[in-house]
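Colleague: Could you take me on a close look at one part of this model, the ligand and what surrounds it? I would also like to hear about the protein interior afterwards.

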Amino acid sequence: MADSALLRIGKKEYTLPTLVGTEGEQALDIRALRKESSHITYDEGYGNTGSCESKVTFIDGEKGILRYRGYPIEQLAEHSSFVETAYLVIYGELPTKEQRARFSQLLRDNANIHERMLHLFEGYPRDAHPMAILSAMINSLGCYYPQMSTNDHRSDLEHFDEAAAITISKVRTIAACSYRMSQGLPMMYPKHDLGYCENFLHMMFSEPYHEYQASPEVSRALNLILLLHADHEQNCSTSTVRMVASSGANLFASTAAGICALWGPLHGGANVAVIRMLEEIHAAGDDGSRFIRDAKEGVAGKRLMGFGHRVYKNYDPRAKIIGKACEDMLKSLGREDPCLDIARHLEEAALNDEYFIERKLYPNVDFYSGIMMRAIGIPLTMFTVMFSIGRMPGWIANWKEVASNPKGRIYRPRQIYQGPAKRDYVPVDQRG
Ligand code: ACO
């Protein structure tokens with residue numbers, strides 16, 4: 001059979017069906033293997049494991065392709081906005097004019113957070129990390145919308161449109177609020193006549209007697225940053241969202257778990273790590289050459305942050321777009337940033353260095369996003385929060401796929417146990 005694979009273990013043979021995706025990606029379907037054999041497949045970190053079938057995002061890491069619902073990221077970055085792209089990612093099609101207006105209206109109607117929820121912020125210490133607050137608050141949203149968080153997917157899906165709009169709209173309000181609280185500043189309520197990004201910037205930076213006005217360059221830059229992060233296939237946080245959703249958990253709980261997964265420096269926290277690295281290089285009077293040498297020698301803490309990707313082994317198409325946008329934005333704002341010069345030098349040096357070439361290490365989206373966010377005025381502690389705002393549509397779309405799958409099973413990988421073999425309990429007074 002052309003569309004099956006033969007697996008031989010010892011003297012026994014097993015026929016495995018194959019699956020082919022829309023773009024020709026191929027997979028061995030090992031689901032039935034367990035019934036016939038005691039073998040499981042071993043793939044630590046799931047580097048070569050398809051955990052689901054999905055219709056949201058396509059990535060070809062070798063060719064540097066990223067498409068949301070079939071649309072190339074380059075076209076969306078040029079012509080679309082974050083809100084329109086969020087609609088596309090969640091609902092599968094670009095919205096008509098009416099649909100886009102209705103979606104925007106739903107976002108506007110849901111921008112405020114419940115007044116009682118504001119008290120929750122006050123309990124946090126001033127230096128609490130906004131990612132901890134964000135994930136707790138997104139999970140807490142479920143308490144304010146019990147009809148949408150029943151943990152019965154069929155009933156939660158009946159309120160999906162509203163729950164999705166609540167999550168996308170309020171994640172931005174909660175993010176801005178957590179920042180204001182950390183600064184000891186009063187919360188700024190959202191304004192209904194502002195667009196999604198402008199409203200976020202208003203809630204972050206306006207003062208009671210001085211309204212922040214986002215320049216077109218800044219709001220375009222923020223739209224781009226969020227749009228480029230809107231989804232990215234089965235990465236660590238999205239897989240976490242699906243994993244949690246597979247147990248039947250509601251949208252708020254599942255996306256809150258995604259925020260936690262995104263926090264770490266190897267995932268969403270990389271943009272923070274990039275800026276810290278660039279500042280460290282700058283403070284040491286290095287142009288990046290010494291840092292590259294240390295990274296190649298594996299010196300602890302000297303990994304070239306913002307470089308490398310589990311999937312892209314050619315280039316990250318988002319990095320190309322954002323690298324150029326970062327240059328344009330700094331130019332149009334008339335800003336200079338020594339970190340940008342170091343970043344450029346690091347990129348050039350690494351792209352011509354055997355170590356990085358051999359390992360197919362290229363800049364990823366986070367290499368330049370931090371410099372852009374810094375130019376907008378977003379503080380370092382908020383960088384990963386910004387990524388969470390951007391990734392929310394992808395998490396929602398993936399939650400929906402899990403929740404809508406009538407044949408869905410709970411995600412439950414297996415393991416190879418390497419601990420002690422069976423042994424008998426020893427009472428405490430007999431232990432040596
Ligand atoms: N700098 C220097 N060397 C690196 C880097 C790097 N950034 N990334 C990988 N390598 C080296 C590894 O040391 C390893 O070398 P070896 O073969 O000699 O042992 C080889 O390249 C393969 O690296 P792995 O860690 O196995 O690659 P993996 O696919 O597991 O990790 C990851 C990918 C986590 C992104 C990694 O490249 C990394 O840590 N990059 C820096 C952090 C970063 O930018 N993360 C953001 C990812 S994008 C996102 O989440 C939006």
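Modeller: Happy to! One term will help later on: a residue counts as buried when its relative accessible area is under 20%. Please keep in mind that this is a predicted model.

Let's start with the ligand. It is surrounded by 19 residues, and the closest are Arg-303, Leu-304, Gly-306, Phe-307 and Arg-310. By character, this shell divides into nine nonpolar, five polar and five charged residues. Some polar atoms can be picked out. A backbone N or O atom of Leu-304 sits 2.7 Å from a ligand nitrogen atom. The side chain of Tyr-355 has an N or O atom 3.0 Å from a nitrogen atom of the ligand, while a polar side-chain atom of Asn-364 is 2.9 Å from a ligand oxygen atom. Taken alone, the ligand would expose 920 Å², and the protein buries 72% of that.

Now for the interior. The largest nonpolar core has 116 residues, and Tyr-196, Phe-200 and Ile-378 have the most contacts inside it. Helix H8, residues 160–182, supplies the largest share of this core with 13 residues. Leaving aside residues up to four places away in sequence, Ile-378 touches Phe-200, Phe-205, Leu-222, Met-373, Phe-383 and Met-386.

Helix H8 also holds Thr-167. Thr-167 has a relative accessible area of 0%, so this residue is buried. With residues up to four places away in sequence again left out, Thr-167 touches Leu-251, Phe-252, Thr-255, Met-392 and Ile-396.

How values were computed: Residues numbered from 1 in each chain as written. Predicted model: local features only at pLDDT ≥ 70, side-chain atom pairs only at ≥ 80, totals over all residues. Heavy atoms only, no water. Core = buried A, V, L, I, M, F, W, Y, C linked by side-chain atoms within 4.5 Å. Buried < 20%, exposed > 50% of the residue type's maximum accessible area, 1.4 Å probe, protein only. Helix = DSSP H or I, 4+ residues; strand = E, 2+ residues; numbered from the N terminus. Contact = heavy atoms within 4.5 Å. Near = heavy atom within 4 Å. Polar contact = N/O pair within 3.5 Å; in protein donor to acceptor, adjacent residues only side chain to side chain. Areas by Shrake-Rupley, 256 points an atom, 1.4 Å probe, with all protein chains shown as cover. Nonpolar A, V, L, I, M, F, W, Y, C, P; charged D, E, K, R; others polar.
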